[in-house]
Each structure stands twice: as structure tokens, then as C-alpha cells.
Amino acid sequence: MTDPYAQARTLVLLRHSKAEPPDDGPDVERPLAARGRADAAAAGAWLAKHALLPDVVICSATRRTRETWHGVALGMTGTPPEGGSAGPAPAVHYAADAYEAHPEDLLALVRRVDPAARTVLLIAHNPGISLLSALLDPERADQDGLRTSDVAVHRTAAEWAELGRAGSVITARHTARG
């Protein structure tokens, strides 16, 4: 009998870290709050500790998600994402259409990932990111959704292009607080 997860893929869903409150500027330009920067680094450290270093990062193009990725990368490696790392650098894709995306839109981004990638990190916003987690694993998803800096680790035996409803079990959850 073969292990269905022997060739498993891991999808790590991360809701962006705590942002500054809205002001008169555009919502897409809201920066992380000080707590958000610390929480992003804590999320990266947790991912590294659990050997969840991504091959591919899909990140919403908003300022707070880009800053979250920067903090996560620092937490994983101790160096900025553009400054090298202990291991191979992931391919990072900034996706403007991940902002205010429906779960099916986020899933479409994941389905386009290179089939050779084993671990994908998706950094996005609520409600889409929480709804995607629930779509992938309706039984184990947190019914209250992901809070800022929450991580939901999904594993699947499916190819990225074939990932679908109830097709990926949650194997770990973590709320990063720095």
C-alpha cells in the first residue's frame, strides 16, 4: 500500500499581520503596525522551526502583505529576502488580484504554481484567505476564520493544478505573536 502523502504538497495560508488603522489614504497602502512587524517575524521563525520553508510565495501586492512577507522572510532566515538566505530563495509572485479576492480566485493563483514546487506560502486578506482554508478543509477549518498572523498548514496529495474543494487537510495551525 502506498502512502497518499509520500509526494505531498504543502500549502501554507497566512493572513497578513496587524496593520495600522485605516486613514485618509488608500487601503492598499496601509503599513503594518509595530505589532504586525514583530508578528510577521514570529510567523517566519515558526515556519522555519517546522521546516515549512516555501519554494513559492504568492503574496498580495498591498503594502501590508508585502511587509508581512518581508518580516516572515527575516524570521525564517535572519536576513532580508533580497539579501540571501540559509537555503534556496523562494520564487516570489506579487499578485494584485489577491486583494479582495474570493476563495476561488486565490485557489486559481495556487493552481498556476509550478508542479515541481512542494511548499507554497500564500499571504492574503480576509475574508478570502479564511474562506479558502474552509473550502480546502471544511471539517477542520476554524469557523471564526484566520486572525492576523494566523497560519493554516494544508497538505494534499493532489497536483497544484488539480487542487479543489475538500482537497487539502489542515495539519497544523499557529497564531504568530512576536
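Q: If contact means heavy atoms within 4.5 Å, which strands does helix 3 lie across?
A: This is a predicted model, in which local features need pLDDT of at least 70 and side-chain atom pairs count only at pLDDT 80 or more, while totals for chains, interfaces and linings use all residues. Residues are numbered from 1 along each chain as its sequence is written, and side-chain values use heavy atoms, with hydrogens and water left out. Helices (H or I, at least four residues) and strands (E, at least two) are DSSP runs numbered from the N terminus. Helix 3 (residues 103-111) lies across strand 1 (9-15), strand 2, strand 3 and strand 4 (119-124), and runs at about 150° to strand 4, angles being taken from 0 to 180 degrees between N-to-C directions of axes fitted to C-alpha atoms, for helices over the stretch in contact.

Q: In what order do the strands of the open sheet lie?
A: Two strands pair if DSSP finds at least two bridges between them. The six strands of this open sheet follow the order 3-2-4-1-5-6 with mixed pairing, and its edges, each paired on one side only, are strand 3 (91-95) and strand 6 (169-175). Strand 2 (residues 56-60) runs parallel to strand 3 and is joined to strand 3 by five bridges; Cys-59 has Tyr-94 in strand 3 as its bridge partner.

Q: At what angle do helix 1 and helix 2 pack?
A: Helix 1 (residues 34-49) packs against helix 2 (residues 63-77) at an angle of about 45°, their axes lying 6 Å apart. Residues that meet include Ala-40, Gly-44 and Ala-48 in helix 1, and Thr-68, Gly-71 and Met-76 in helix 2.

Conventions. Contact means heavy atoms within 4.5 Å.
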